[in-house]
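Q: Please take me through this structure, from the overall fold to single residues. Where should the reading begin?

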Amino acid sequence: MEQLKRELQVLNRLINDKQQPAEALIRLWLWNRDPNFTAAEVEEHVRLVKRELKQL
């Protein structure tokens, strides 16, 4: 769980530093984390990751 939290914090910094669309970076992060995700799974997880990032 701590590893995931650290990864989310890094992702959040990337989003803030690069001023790129958050969803694009989240999708890239998800596919890098698990290349076996389907497009539907990525879409579902994007919402979850956004919610987690707000809680950081």
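Q: V10 in this predicted model: what is its relative accessible area, and is it buried, exposed or partly exposed?
A: V10 lies in helix α1. Its relative accessible area is 41%. Buried needs under 20% and exposed needs over 50%. With 41%, V10 is therefore partly exposed.

Q: How far apart are the C-alpha atoms of V10 and R27?
A: Along the chain, V10 and R27 are 17 residues apart. In space, their C-alpha atoms are separated by 14 Å.

Q: How many helices and strands does the protein have, and how do the elements run from the N terminus on?
A: The protein has 3 helices. The strand count is 0. From the N terminus on, the order is α-α-α.

Q: Which residues make up the largest nonpolar core?
A: This core has 12 residues in all. Elements that give two or more residues to it are α1 (2–18), α2 (22–33) and α3 (39–55). In soluble globular proteins, nonpolar side chains tend to be buried together. The members here are L8, L11, I15, L25, I26, W29, L30, F37, V42, V46, V49 and L53.

Q: Is I15 buried or exposed?
A: I15 has its place in helix α1. It also belongs to the largest nonpolar core. Its relative accessibility is 11% and the cut-off for buried is under 20%, so I15 counts as buried.

Q: What is the C-alpha to C-alpha distance between I15 and D34?
A: The two residues are 19 residues apart in sequence. In space, I15 and D34 are 20 Å apart.

Q: Which residues does I26 touch, not counting those up to four places away in sequence?
A: I26 is itself a member of the largest nonpolar core. Core members L11, I15, V46, V49 and L53 are among the residues that I26 touches. Adding K50, the list is L11, I15, V46, V49, K50 and L53.

Q: Is V46 buried or exposed, and which residues is it in contact with beyond four places in sequence?
A: V46 is found in helix α3. Because its relative accessibility is 4%, V46 counts as buried. The C-alpha atoms of V46 and E23 are separated by 6.9 Å, with their positions 23 residues apart along the chain. Leaving aside neighbours within four places, the contacts of V46 are E23, I26, R27 and L30.

Q: Is A40 buried or exposed, and how far is it from R27, C-alpha to C-alpha?
A: A40 is in helix α3. At 58% relative accessibility, A40 counts as exposed. A40 and R27 are 13 residues apart in sequence. Their distance in space is 11 Å.

Q: Why does the radius of gyration of the protein agree with a compact globule?
A: The protein has 56 residues, so a compact globule would have a radius near 10 Å. The C-alpha trace spans about 25 × 25 × 20 Å along its principal axes. The radius of gyration agrees with the globule value, at 11 Å.

Q: What share of the contacts with a separation of 6 or more comes from residues 24 or more positions apart?
A: The count takes the contacts in the protein with a separation of 6 or more. Residues 24 or more positions apart account for 41%.

Q: What area does the protein expose, and what share do carbon and sulfur atoms supply?
A: Buried residues make up 21% of the 56 residues. The protein exposes about 4300 Å². Carbon and sulfur atoms supply 51% of that area.

Q: How far apart do the centres of the positive and negative side chains lie?
A: There are 10 positive and 9 negative side chains. The centres of the two sets lie 5 Å apart.

Conventions. Residues are numbered from 1 along each chain as its sequence is written. This is a predicted model: local features need pLDDT of at least 70, side-chain atom pairs count only at pLDDT 80 or more; totals for chains, interfaces and linings use all residues. Side-chain values use heavy atoms; hydrogens and water are left out. A nonpolar core is a set of buried Ala, Val, Leu, Ile, Met, Phe, Trp, Tyr and Cys residues joined through side-chain atoms within 4.5 Å. Buried means under 20% relative accessible area, exposed over 50%, partly exposed in between (1.4 Å probe, protein chains only). Helices (H or I, at least four residues) and strands (E, at least two) are DSSP runs, numbered from the N terminus. Contact means heavy atoms within 4.5 Å. The radius of gyration is taken over C-alpha atoms; the globule rule is 2.2 Å times the number of residues to the power 0.38. Accessible areas come from the Shrake-Rupley method with a 1.4 Å probe; for residues, only the protein chains shown count as cover. Lys and Arg count as positive and Asp and Glu as negative; His and the chain ends are not counted. The place of a charge is taken as NZ of Lys, CZ of Arg, CG of Asp or CD of Glu.
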